[in-house]
Amino acid sequence: GPGRPGRRGGPGNRRVLYRSKLTARRRDQFGFQADGPFLIPGLYDGRNKTFFFFSEEVRRIIRGQADAAATVPTAAQRGLNGGPFDLSSLLGAPITSGGAPVLVTDTNGNTIQVRQNQVFRPSDNRAYAGNIIPRSDVDPRSIALLGAVPLPNSPTNPNGFTFSQVGIQNTRQETIRIDHIFNDKHSLFGRYTHDLSETAEPLGLFGVGLPGVQNSETRVPGQVVAISHTALLSPTMVNEATFNFSSNLIASEVVGRSRRSDYPGASAITEIFPENNNDVVPRINGVGFGLGGSGSTLTLLGATQGFGIAYKNYLVRDVVTWTKGNHTLKFGGEMSFEKKGENGSNNTQGTFTFSATQSQGFSSGTTAIGTTGLSFGSFLLGRASTYDEAERDVVLNLRFGRREFFAQDTWKVRSNL
């Protein structure tokens with residue numbers, strides 16, 4: 001049969017899921033079809049009684065997507081190369097109360113005027129001198145998770161990171177059909193269709209997060225089978241019996257660097273419940289660099305547990321058509337059975353939320369000093385404001401059937417109308 005090749009665009013690589021510049025688009029499309037009588041030389045001659053049809057179509061698309069942006073800590077703020085965690089660039093204006101400066105003691109024993117975003121040592125309520133946290137005070141589990149965060153690359157924003165995503169979409173479909181005529185009264189038809197969609201999502205199914213972490217790959221295979229037998233029971237009566245089967249699967253798997261094993265030290269993060277099927281790192285919410293912890297950066301660090309949705313449908317139908325005078329009678333029925341299984345991708349890896357409250361200072365021992373503290377500082381100190389975790393990834397299994405019967409009469413005023 002005739003081929004349908006097509007190709008345009010530049011080079012691409014399926015495993016490259018993000019690049020620093022917008023990538024080119026590539027599209028490959030090809031397929032073919034063949035049909036005719038079914039022949040096996042020396043064994044079977046299906047001319048005039050057995051016919052086949054086959055087609056295949058394949059598409060492969062690599063598409064550069066619009067730039068995405070994230071807010072990330074600088075090399076100094078993340079204590080790169082084993083140094084302290086320098087948050088001095090995040091200090092805001094000096095704080096006053098009633099026109100007088102608010103004074104506190106820093107970790108060097110000096111009396112200083114406290115400033116906005118000042119991070120305090122929880123053990124003794126002293127402000128970190130220069131807003132620099134020694135590495136010995138930083139939670140090693142936080143250091144481990146920072147391995148998922150890239151360094152900034154923006155020329156104008158010290159905490160900005162910009163990247164271009166590359167989306168992958170590959171599809172294919174094959175169809176085969178057989179028609180067979182037994183005799184003047186009986187014929188059989190069968191068709192099988194298989195299709196497959198494969199996609200790569202640079203930031204996971206929901207398109208939010210950090211490059212290289214939430215990456216997922218999704219496979220959606222489907223199958224359809226249809227078989228029908230037509231019998232001429234008499235010159236005025238025809239029976240058609242049909243069987244249909246269809247199924248599809250949506251299977252999304254996390255393939256990015258989102259597992260605890262990807263970050264040495266992350267395995268020390270404890271969980272309440274044992275289930276974490278993909279060993280995914282916990283989600284981190286609310287970590288920011290601005291006043292009061294605004295300017296979120298590590299939101300949705302971590303990934304989903306992946307999705308799996310499986311569906312199957314079985315259907316049997318029989319219809320009798322009887323022509324009698326001016327009446328065309330049809331009656332019959334069908335039975336179907338369907339089943340579906342789907343997991344909830346519940347948050348069994350846990351979610352930590354951080355705020356500035358856990359690293360703020362206090363005056364007179366119990367009165368909080370407003371606008372002090374920093375959610376990123378709380379993250380570094382390992383002091384979360386909330387934590388939640390699902391006990392298990394719930395799987396829903398549905399089963400349902402259907403039965404229908406019908407009768408129909410089409411009456412014509414005159415038989416030749």
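**Strands, confidence and salt bridges in a predicted model**

Among the elements of the protein, strand S1 (residues 6–9) comes out with the lowest mean pLDDT, 35, while strand S14 (residues 132–133) has the highest, 97. Here pLDDT is the predictor's confidence in each residue, on a scale from 0 to 100, and strands are DSSP runs (E, at least two residues), numbered from the N terminus. This is a predicted model, in which local features need pLDDT of at least 70 and side-chain atom pairs count only at pLDDT 80 or more, while totals for chains, interfaces and linings use all residues. Residues are numbered from 1 along each chain as its sequence is written, and side-chain values use heavy atoms, with hydrogens and water left out.

Taken over the protein, the mean pLDDT is 86, and 90% of the residues reach 70 or more. Two stretches do worse. Over residues 1–24, pLDDT stays under 50, and the model has 66 contacts for them beyond four places in sequence; a contact means heavy atoms within 4.5 Å. Residues 292–296 also stay under 50, with 16 such contacts. Where pLDDT is low, the predicted coordinates should not be read in detail.

Now for the strands. Strand S6 (residues 50–71) has partners that include S3 and S15. Strand S3 (residues 26–37) runs antiparallel to S6, and 12 bridges join them; two strands count as paired if DSSP finds at least two bridges between them. Within this pairing, Gly-36 stands opposite Phe-52 of S6. With strand S15 (residues 160–181), S6 pairs in the antiparallel sense over 20 bridges, and here Arg-63 has Gly-167 of S15 as its bridge partner.

Ser-55 is a handy residue to look at in S6. Ser-55 is buried, because its relative accessible area is 14%; buried means under 20% relative accessible area, exposed over 50%, and partly exposed in between (1.4 Å probe, protein chains only). Apart from neighbours within four places in sequence, Ser-55 touches Phe-32, Gln-33, Gln-173, Glu-174 and Thr-175.

A further run of pairings involves S17, S18 and S20. Strand S17 (residues 216–234) and strand S18 (residues 237–254) are antiparallel over 16 bridges, forming a hairpin with 2 residues between them. Arg-219 is matched with Ala-251 in S18. S18 also pairs in the antiparallel sense with strand S20 (residues 307–324), again over 16 bridges, and the partner of Ala-251 in S20 is Gly-308.

On the surface, a nonpolar patch is made up of Phe-182, Leu-188, Ile-227, Phe-243, Tyr-314, Val-316 and Phe-337, with about 580 Å² of accessible area together. Patches take residues with over 30% relative accessible area and no salt bridge, joining like charges within 9 Å and nonpolar side chains (Val, Leu, Ile, Met, Phe, Trp, Tyr) within 5 Å. The areas come from the Shrake-Rupley method with a 1.4 Å probe, and for residues only the protein chains shown count as cover. One patch member, Leu-188, sits in strand S16 (residues 186–201) and is partly exposed at 32%. Phe-337, also in the patch, is among the contacts of Arg-399, along with Glu-338, Lys-339 and Lys-340. Arg-399 itself belongs to strand S26 (residues 395–411), and its C-alpha atom is separated by 63 Å from that of Gly-130, 269 residues away along the chain.

Two loop residues have unusual backbone angles. Most residues other than glycine have a negative phi. Asn-48, in the loop between strand S5 (44–45) and S6, has a positive phi near 70 degrees and is exposed at 69%. Ser-345, in the loop between strand S21 (327–343) and strand S22 (351–353), has a positive phi of about 50 degrees, but is buried at 10%.

Finally, the structure holds 16 salt bridges, each a side-chain nitrogen of Lys or Arg within 4 Å of a carboxyl oxygen of Asp or Glu. Arg-26 and Asp-28 form one, their closest N and O atoms being 2.8 Å apart; Arg-26 is partly exposed at 22%, whereas Asp-28 is buried at 11%. Another links Asp-279 with Arg-260 (3.7 Å, N to O). Both residues lie in the loop between S18 and strand S19 (283–285), so the pair ties together parts that are 19 residues apart in sequence. Asp-279 is partly exposed at 32% and Arg-260 is buried at 7%. Elsewhere, salt bridges with shared partners join Arg-317, Glu-334, Arg-402 and Glu-404 into one network.

How values were computed: Helix = DSSP H or I, 4+ residues; strand = E, 2+ residues; numbered from the N terminus.
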